[in-house]
Amino acid sequence: MALTAFVGINAMAKQDVWPDGTTMDQWFANREKVDVNTLGKRYVVTDYGVTNDSTLVQTAALQAVIDCAGNDGGGVVVVPKGTFLSGALFFRPKTHLLVEEGGKLKGSEYIADFPILETRIEGQTCQYFAALVNADGLDGFTIAGKGTIDGNGYHYWEEFWIRRKWNPQCTNKDEQRPRLVYISNSSNVTVQDVRLQNSPFWTNHLYRCHHVRYLDCHIYAPTTGVKAPSSDAIDIDVCHDVLVDGCYMSVNDDAVAIKGGKGIWADKVPENGPNYNILIQNCTYGVVHGCLTLGSESVYDKNIVLRNIKVSNANRVLWLKMRPDTPQHYEYVTVENITGTTGSFLVVRPWTQFFKPEQRDDMPLSQCNNIVMRNIKMQCKNFFDVGTSDKYRLSGFTFQNIDVTDEKCAFSPAVIDNTVVKNVKINQSVQKN
């Protein structure tokens, strides 16, 4: 059966239903862009003393425009054509960001321009650096425009790799780097059309948010030359009702990564929590480590859908990172209607980078269940990269309507309990349970 037929069948049958069979809210069908003209007065930064000067860090002047808009009851802070350097900016209630075509909000290369505060990073609430764009506790926050938010990450990446060369055990937090966009405790958020690029660290980080849309964004960090370490495109951390639609992602780490907490007591920490009702669709991927990655800092993830995507040289499509030091449960995940090329398609392996084994007598057994992969037509180096462990249980995986080439030829569904195999061809050979 041709992939186009797969898409048609699935669109009619599954577009409004989550993997667990519950109805998908109509909110997920709304791709209508926010009309920034309805968001209030425009505050063009150059009308308020900000200079179009690509060599001058103007954090205070830019923040003053945001504060002015907030004090006046809200409005749209406009970055016009030109390049404007800044450190951390904090958006206020009813304020929004519009980066016009030809405009660039560019991050400072000095970490001192990003204050240390209580924030969330790598599955923990801790003291760390603010991002370039910060929004906390906002309802209806919008980032829009055809312009660019640029993290100016080269200096940070170079320093990271120098440190890693000197100390191979260097962690992400050992080299001080800001994120590009951090949105926390917020709802009804839209990020549309903008280019988000060259982040020093994670590109977009959502924490404790709901009803967030990323529409037609271009998210990029270099994967050759001086690579951008840990430049995840979108990190979703203790969130629900998130839509990523029509985006291009090419970064030197995972594209969409589902976070939520780590450590042996992660399920008992109130700052941690589940992610559910997340839809990623109609996206195009360049080079990424994983198109959809659950973990490495996750506790409970449910109703995650990746569909209708095109992949070019991804390292992995679906990556389930299993931390031996964290109780994890991933369930009701569907990956469907995928074309392109990848290294591995499905990866389930223990994730032991920087993990901290501790004793917990009542440690729950981690598990992955009700994972569905269907309507797949790809070239793979290793379609089935799955390892077993006494730390987790795999059950209820479904492989359906799959036609792939596979250099490794390691498909072994018997290692997963209650596996279903329907209409699966690997290198033109029909597979069975």
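Colleague: What makes A60 and N71, on the other side of α2, exposed?

Modeller: A residue is called exposed when its relative accessible area is over 50%, buried when it is under 20%, and partly exposed in between (1.4 Å probe, protein chains only); A60 and N71 fall in the exposed class, on the side of α2 away from its buried residues. This is a predicted model, in which local features need pLDDT of at least 70 and side-chain atom pairs count only at pLDDT 80 or more, while totals for chains, interfaces and linings use all residues. Residues are numbered from 1 along each chain as its sequence is written, and side-chain values use heavy atoms, with hydrogens and water left out.

Colleague: How do you know that the buried residues are on the same side of α2?

Modeller: The buried residues of α2 are T59, L62, Q63, V65, I66 and A69. The arc, taken from the directions from the helix axis to the C-beta atoms, is only 150° for these residues, which puts them on the same side of α2. They pack against several strands, including β1 (42–44), β2 (75–79) and β4.

Colleague: What makes the span of α2 agree with that of a helix?

Modeller: A helix here is a DSSP run of H or I with at least four residues, a strand a run of E with at least two, and both are numbered from the N terminus. The expected span is 1.5 Å times one less than the number of residues, so the 13 residues of α2 should span 18 Å, and its end C-alpha atoms are indeed 18 Å apart. Just after α2, G73 takes a positive phi of about 100°.

Colleague: Why is I66 counted as buried?

Modeller: I66 has a relative accessibility of 1%, so I66 counts as buried. Leaving aside neighbours within four places in sequence, I66 is in contact (heavy atoms within 4.5 Å) with V77, L89, F90, F91, R92 and T95.

Colleague: Why does K262 count as buried?

Modeller: At 19%, K262 is buried by the cut-off already given, although K262 lies in the loop between β21 (256–259) and β22 (274–281). Among the residues K262 touches are E122, N272, E297 and T326; K262 and T326 are 64 residues apart in sequence and 5.6 Å apart in space, C-alpha to C-alpha.

Colleague: How do you know that the structure holds zero disulfides?

Modeller: A disulfide requires two cysteine sulfur atoms within 2.5 Å, whereas the sulfur of C209 is 4.9 Å from the closest cysteine sulfur, in C239, and therefore too far for a bond. The sulfur of C247 is likewise too far, at 4.6 Å from its closest cysteine sulfur, in C217. C209 and C247 are both buried, with relative accessibility of 1% for C209 and 2% for C247.

Colleague: What makes the 104 residues a nonpolar core?

Modeller: Such a core is a set of buried Ala, Val, Leu, Ile, Met, Phe, Trp, Tyr and Cys residues joined through side-chain atoms within 4.5 Å, and the largest one has 104 residues, with Y214, Y285, L292 and F397 making the most contacts inside it. Apart from it lies another core, of eight residues, among them M24, F28, L243 and V305.

Colleague: Which helix has the lowest mean pLDDT among the elements of the chain?

Modeller: On the predictor's confidence scale from 0 to 100, helix α1 (residues 3–14) has the lowest mean, 41. Over residues 1–14 the pLDDT is below 50, and where pLDDT is low, the predicted coordinates should not be read in detail. The chain as a whole averages 95, with 97% of the residues scoring at least 70.
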